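Biologist: Could you take me through one part of this protein up close? I'd like to hear what sits in the middle and what is packed around it.

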Amino acid sequence: MPKKIPMRRCVATGEQLPKKELLRIVRTPEGNLQVDLSGKANGHGAYLKKSTEAVETAKKNKALARALGVDIPEEFYAEILSKIQ
């Protein structure tokens, strides 16, 4: 039997993709934001497709801010884009 591939939904595009194709953004219990490259960081997570279009869409319609329940500073979007490239 083939191994099950974990699927997650991108908050910006709504696409369901394999977890490895997405970037996890975490709001830690202290309220800080971080890009979780391991996929195992403690806190409330949201997934974004690894594309500049998805990041721009998330910024424009505030999908990431809504999913995490905090305001996302402009510098954090720049950090996300640097991790994608």
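**Leucine 48 and its surroundings**

Modeller: Let's begin with leucine 48, which, not counting residues up to four places away in sequence, touches Cys10, Val11, Ala12, Leu22, Leu23, Ile25, Ala54, Val55, Ala58, Leu64 and Ile80. Bear in mind that this is a predicted model. Leucine 48 belongs to strand E5, and its relative accessibility is 0%, so leucine 48 counts as buried. Lysine 19 is 29 residues from leucine 48 in sequence, yet the two C-alpha atoms are 9.8 Å apart in space.

Now widen the view a little. The largest nonpolar core has 21 residues, and Leu48 is among those with the most contacts inside it, along with Ile25, Leu64, Ile72 and Ile80. Strands E3 (22–27) and E5 (44–49) each give two or more residues to this core, as do helices H1 (52–61), H2 (63–68) and H3 (74–84). H3 gives the most, with four residues. As a general point, nonpolar side chains tend to be buried together in soluble globular proteins.

Isoleucine 80 is worth a stop here. Leaving aside neighbours within four places in sequence, isoleucine 80 is in contact with Leu23, Ile25, Val35, Leu48, Val55 and Leu64. Leu23, Ile25, Val55 and Leu64 also turn up among the residues that leucine 48 touches.

Isoleucine 80 also takes part in the packing of two helices: the contact between H1 and H3 is made by Thr52, Val55, Glu56, Ala58 and Lys59 of H1 and Glu74, Tyr77, Ile80, Leu81 and Ile84 of H3. The axes of these helices come within 10 Å and cross at roughly 165°. An angle over 145 degrees counts as roughly antiparallel, and therefore H1 and H3 are roughly antiparallel to each other. Their crossing is right-handed.

Look next at the two ends of H1. Serine 51 sits in the loop between E5 and H1. With 13% relative accessibility, serine 51 counts as buried, and its side chain reaches the backbone nitrogen of alanine 54 at 3.1 Å. Past the other end, lysine 62 is in the loop between H1 and H2. Lysine 62 has 56% relative accessibility and so counts as exposed. Its phi is near 55°, a positive value in a residue other than glycine. For background, most residues other than glycine have a negative phi.

Back in the strands, there's a charged-type side chain to check: arginine 24, which lies in strand E3. At 11% relative accessibility, arginine 24 counts as buried. Its side chain is joined to that of aspartate 36 by a polar contact of 2.7 Å, and a polar atom of the arginine 24 side chain lies 3.0 Å from the backbone oxygen of alanine 41. Beyond four places in sequence, the contacts of arginine 24 include Gln34, Val35, Gly39, His44 and Tyr47.

Tyr47 leads us to one last residue, arginine 8 in strand E1 (residues 7–9). Outside its neighbours up to four places away, arginine 8 touches Glu15, Gln16, Leu17, Lys19, Leu22 and Tyr47. Arginine 8 has a relative accessibility of 30%, so it counts as partly exposed.

Key
Residues numbered from 1 in each chain as written. Predicted model: local features only at pLDDT ≥ 70, side-chain atom pairs only at ≥ 80, totals over all residues. Heavy atoms only, no water. Core = buried A, V, L, I, M, F, W, Y, C linked by side-chain atoms within 4.5 Å. Buried < 20%, exposed > 50% of the residue type's maximum accessible area, 1.4 Å probe, protein only. Contact = heavy atoms within 4.5 Å. Polar contact = N/O pair within 3.5 Å; in protein donor to acceptor, adjacent residues only side chain to side chain. Axes fitted to C-alpha atoms, helices over the stretch in contact; angles between N-to-C directions. Parallel < 35°, antiparallel > 145°, perpendicular 65-115°, else oblique. Left-handed = near helix turned anticlockwise from the far one by under 90°.
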